[in-house]
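Let's take a friendly walk through a protein model. Have the sequence and the 3D view ready, and look up each residue as we come to it.

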Amino acid sequence: RLFRMIFNDKEKLLELYNAMNGSDYKDASELQVVTLENAIYLSMKNDVAYVLHDELFLFEQQSTKNANMPLRCLFYASDTYSVLVKDKNIYGTKMLPLPSPTFVVFYNGKQKMDEEGELRLSDAFVKKQEIPNLEVIVKVKNINMGNSRELFEKCRPMRDYMIFVDKVRRYSQEQPLEDAVERTIRECMEEDVMADFLKRNRAEVVKMCLYEYDEEKQREFDREEGREEGREEGRQELLEEQIRANVKKGYSKEMIADFLGEDLKTIEAVIAGLAEVKG
């Protein structure tokens with residue numbers, strides 16, 4: 001959300017465009033922001049989409065890896081193109097001109113990732129095609145400190161954003177998050193890192209950082225819960241296999257309970273379930 005808030009400013013967005021494309025455009029009014037609101041497949045508001053000089057760009061910041069970004073970008077582009085041609089005749093004989101798409105994910109999560117990479121929609125296809133009939137390529141740029149040096153040096157808003165996130169992350173390891181955020185804001189204002197932006201939006205920035213941290217903790221909890229459920233399913237499958245093997249050998253349920261160190265009622269329930277399946 002902080003990323004989106006910063007780069008919804010056309011001047012900063014144009015600066016990011018120039019840094020990524022080696023250009024030197026000056027007139028931010030030429031840039032048309034086309035970010036979709038309330039897109040059902042984007043749960044977090046950290047995306048920025050815009051059109052400049054016949055090109056469509058979708059930028060998204062992520063703190064977790066997502067292999068489904070090409071699919072999400074496909075949906076997003078489809079919806080965006082629908083908006084751009086809504087008053088045009090798509091059933092006519094004349095081809096409608098469309099801005100060429102570029103999709104970029106700026107990654108600053110804790111998991112290790114190469115400085116640059118790409119994701120392809122065709123990697124998800126069950127049946128592989130030598131030349132895919134449909135392809136979406138998403139560029140991935142690691143913007144954790146120490147990565148993407150060229151972008152860090154050429155784009156002041158991205159540089160400041162990278163510094164801010166790095167400070168919050170480091171300080172939160174040694175003190176409560178709210179204190180870490182306040183310390184980061186204070187230092188950044190002293191060091192002229194997003195100083196004007198933080199003066200205007202200090203309270204909102206604090207709220208966003210705390211909310212996103214809670215959201216990240218919840219995602220980690222959900223992932224761990226899912227892993228635990230998977231481990232439990234695996235243990236249950238192993239237990240059922242062991243009971244099935246011992247039943248075939250003619251052992252009584254009491255003996256099986258003793259062999260496996262399980263409660264008799266558990267053994268009886270599993271045997272009953274196996275009998276129902278067999279029936």
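## Two unusual backbone angles

This is a predicted model. We begin at S148, a residue in the loop between β6 (137–142) and α4 (149–154). Most residues other than glycine have a negative phi. S148 is not a glycine, yet its phi is positive, about 50°. Is S148 buried or exposed? With a relative accessible area of 4%, S148 falls under the 20% cut-off, so it counts as buried.

Now find D192, in the loop between α6 (177–190) and α7 (195–248). D192 also has a positive phi without being a glycine, here about 60°. Its relative accessible area is 45%, which makes D192 partly exposed.

## A look at helix α2

How well does the length of α2 (10–21) agree with what its residue count predicts? The 12 residues of α2 should span 16 Å at 1.5 Å a residue, and the C-alpha atoms at its ends are indeed 16 Å apart. D9 caps the N-terminal end of this helix, with a side-chain oxygen 2.9 Å from the backbone nitrogen of E11. Just after α2 comes G22, with a positive phi of about 65°.

Several residues of α2 are buried: L13, L14, L16, Y17, N18 and A19. An α-helix has 3.6 residues a turn, so residues three or four places apart point the same way.

## The second largest pocket

Next, turn to the second largest pocket, which holds about 320 Å³ of space. It is lined by 19 residues, and those closest to its centre are A19, M20, N21, E116 and K141. The lining is made up of seven nonpolar, five polar and seven charged residues.

Which elements supply at least two residues each to this lining? They are α2, β3 (55–62), β4 (100–107), β5 (116–120), β6 and α4. Of these, α4 gives the most, with four residues.

## Aromatic rings together

The model has 10 aromatic pairs. In one of them, Y50 and F59 meet edge-to-face, 5.4 Å from centre to centre with 75° between the planes. F59 also pairs with F57: their ring centres are 6.1 Å apart and their planes lie at 65°, which is over 60°, so this pair is edge-to-face as well.

The relative accessible area is 0% for Y50, 1% for F59 and 3% for F57, so each of these residues counts as buried. Together with F3, F7, Y17, Y25, F106 and Y161, they form one aromatic cluster.

Methods
Residues are numbered from 1 along each chain as its sequence is written. This is a predicted model: local features need pLDDT of at least 70, side-chain atom pairs count only at pLDDT 80 or more; totals for chains, interfaces and linings use all residues. Side-chain values use heavy atoms; hydrogens and water are left out. Buried means under 20% relative accessible area, exposed over 50%, partly exposed in between (1.4 Å probe, protein chains only). On a 1 Å grid over the protein atoms alone, a cavity is a set of points where a 1.4 Å probe fits but cannot get out, and a pocket is an open set with protein on both sides within 12 Å along at least five of seven lines; lining residues have an atom within 4 Å of a point. Grid points are joined across faces, edges and corners, and a volume is the space filled by probe spheres set on the points. Ala, Val, Leu, Ile, Met, Phe, Trp, Tyr, Cys and Pro count as nonpolar, Asp, Glu, Lys and Arg as charged, and the others, Gly among them, as polar. The expected span of a helix is 1.5 Å times one less than its number of residues. A polar contact is a pair of N or O atoms within 3.5 Å; within protein, one must be able to donate a hydrogen and the other to accept it, and residues adjacent in sequence count only if both atoms are side-chain atoms. Rings of Phe, Tyr and Trp (its six-membered ring) pair if their centres lie within 6.5 Å; planes under 30 degrees apart count as stacked, over 60 as edge-to-face and the rest as tilted.
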